[in-house]
Amino acid sequence: ATPRLVSIYILGAANTPGKVEVKPGTTLLQALAQAGGLSPFAARKRIQLRRTDKSGTESIYRLNLDAIENGEASGGSTRLVEGDVIVVPQRKLFE
């Protein structure tokens with residue numbers, strides 16, 4: 001039997017943005033790694049996880065990847081669910 005996969009979407013300054021099929025229980029950091037990581041132009045301190053609940057209400061979670069990698073913030077172990085969208089904005093000039 002083929003394991004069930006969930007579809008998530010990565011937009012913006014990721015190395016391979018688009019639809020990514022991941023196993024249930026995959027974390028935000030694992031999904032970013034599966035998408036080839038972030039481009040050098042990614043705004044690592046302004047990543048968004050956008051999640052829509054069953055009622056259609058969208059929640060936006062703001063994540064600072066630098067702080068997560070340094071152990072100063074949580075959020076990297078957030079487990080992704082079907083339809084989650086990770087938005088990786090482009091850096092501003094002096095960001």
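Two strands count as paired when DSSP finds at least two bridges between them. In this predicted model, Leu49 stands opposite Tyr61 in strand 4.

**The sheet**

Five strands make up an open sheet. Their order is 2-1-5-3-4, with mixed pairing. Strand 2 (18–22) and strand 4 (58–63) lie at the edges, each with a single partner strand, so one side of each has no neighbour in the sheet. On average, neighbouring strands are turned by 25° against each other, direction ignored.

Two of the pairings are set out here.

| Strand pair | Sense | Bridges | Facing residues |
|---|---|---|---|
| Strand 1 (residues 6–12) and strand 2 | antiparallel | five bridges | Ile10 and Gly18 |
| Strand 3 (residues 47–52) and strand 4 | antiparallel | six bridges | Leu49 and Tyr61 |

Strands 3 and 4 also form a hairpin, with five residues between them. Gly56 sits in the turn and has a positive phi of about 95°.

**The core**

The largest nonpolar core holds 21 residues. Those with the most contacts inside the core are Ile8, Ile10, Leu32, Leu38, Ile86 and Val88. At least two core residues come from each of strand 1, strand 2, helix 1 (28–34), strand 3, helix 2 (65–69) and strand 5 (85–88). In soluble globular proteins, nonpolar side chains tend to be buried together.

Which residues does Ile8 touch, leaving aside those up to four places away in sequence? Gly18, Lys19, Val20 and Val22 are among them. Ile8 also touches Ala31, Leu80, Val81, Asp84 and Ile86. Ile10, another of the residues with the most contacts inside the core, has Gly18 as its bridge partner in strand 2.

Terms used: Residues numbered from 1 in each chain as written. Predicted model: local features only at pLDDT ≥ 70, side-chain atom pairs only at ≥ 80, totals over all residues. Heavy atoms only, no water. Helix = DSSP H or I, 4+ residues; strand = E, 2+ residues; numbered from the N terminus. Axes fitted to C-alpha atoms, helices over the stretch in contact; angles between N-to-C directions. Core = buried A, V, L, I, M, F, W, Y, C linked by side-chain atoms within 4.5 Å. Buried < 20%, exposed > 50% of the residue type's maximum accessible area, 1.4 Å probe, protein only. Contact = heavy atoms within 4.5 Å.
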